[in-house]
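Hi,

Here is the structure I promised to pass on. Have a look when you have a moment, and my notes follow underneath.

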Amino acid sequence: GWAAQVGSDIALALLFDVGLLEASRLLASLLIRWRNYEWLQDVRYRAMMLSLFIEGLSRVGLFAMTAFLFVPDWPAYEEGRVGGDLAGCGGDVWCIGSRISYEDRKHVFERAFNGPFCVAP
């Protein structure tokens with residue numbers, strides 16, 4: 001029951017965290033090879049910095065997109081409101097946002113910050 005749900009959430013968070021970190025390291029090392037640095041220390045330093053930059057963008061980008069595209073109550077949302085049927089949206093953030101009330105969109109955003117990917121100080 002509860003332990004299985006919490007365990008699967010933790011496993012999923014670790015999988016995404018480790019998987020995205022390794023993907024950003026791989027991308028950074030491929031991009032750094034193109035520069036053809038002379039010293040190995042320069043290659044390692046720049047690969048690590050680029051990897052951290054990519055990882056930071058991926059963390060901030062998800063919440064920034066959600067905060068600026070999904071949550072706000074834009075006037076275009078009111079014009080396109082069709083109802084609660086999300087079947088025709090196909091995962092489009094604008095479409096889903098236009099069919100869900102502002103309170104529900106705000107609740108989804110707030111819950112995203114209480115999950116395993118965000119830790120409160």
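Below is what I found, helix by helix and then for the salt bridges. Please keep in mind that this is a predicted model.

Let me start with helix H1, which covers residues 2–35, 34 residues in total. From first C-alpha to last, H1 reaches 50 Å, close to the 50 Å expected at 1.5 Å a residue. Its buried residues are Ala13, Ser24, Ala28 and Ile32, and they pack against helix H2 (40–70). Right after H1 comes asparagine 36, with a positive phi near 55°.

H2 also packs with helix H5 (residues 102–112), at an angle of about 170° and with the axes 11 Å apart. Since angles over 145 degrees count as roughly antiparallel, the two helices H2 and H5 are therefore roughly antiparallel to each other. On the H2 side the contact involves Phe63, Thr66, Ala67 and Phe70, which meet Arg105, Val108, Phe109 and Ala112 of H5. By type, the residues of this contact are 6 nonpolar, 1 polar and 1 charged.

Now for the salt bridges, of which the structure holds 2:

- In H1, arginine 25 and glutamate 22 sit 3 residues apart, about one turn of the helix, and their closest N and O atoms are 3.4 Å apart. Arginine 25 is partly exposed at 38% relative accessibility, and glutamate 22 is partly exposed at 42%.
- In H2, aspartate 42 pairs with arginine 46, with the closest N and O atoms 3.8 Å apart. These two are 4 residues apart, so about one helical turn separates them. Aspartate 42 is partly exposed at 28% relative accessibility, as is arginine 46 at 32%.

Best wishes

Definitions and conventions:
Residues are numbered from 1 along each chain as its sequence is written. This is a predicted model: local features need pLDDT of at least 70, side-chain atom pairs count only at pLDDT 80 or more; totals for chains, interfaces and linings use all residues. Side-chain values use heavy atoms; hydrogens and water are left out. The expected span of a helix is 1.5 Å times one less than its number of residues. Buried means under 20% relative accessible area, exposed over 50%, partly exposed in between (1.4 Å probe, protein chains only). Contact means heavy atoms within 4.5 Å. Axes are lines fitted to C-alpha atoms, for helices over the stretch in contact, and angles run from 0 to 180 degrees between N-to-C directions. Angles under 35 degrees count as roughly parallel, over 145 as roughly antiparallel, 65 to 115 as roughly perpendicular and the rest as oblique. Ala, Val, Leu, Ile, Met, Phe, Trp, Tyr, Cys and Pro count as nonpolar, Asp, Glu, Lys and Arg as charged, and the others, Gly among them, as polar. A salt bridge is a side-chain nitrogen of Lys or Arg within 4 Å of a carboxyl oxygen of Asp or Glu.
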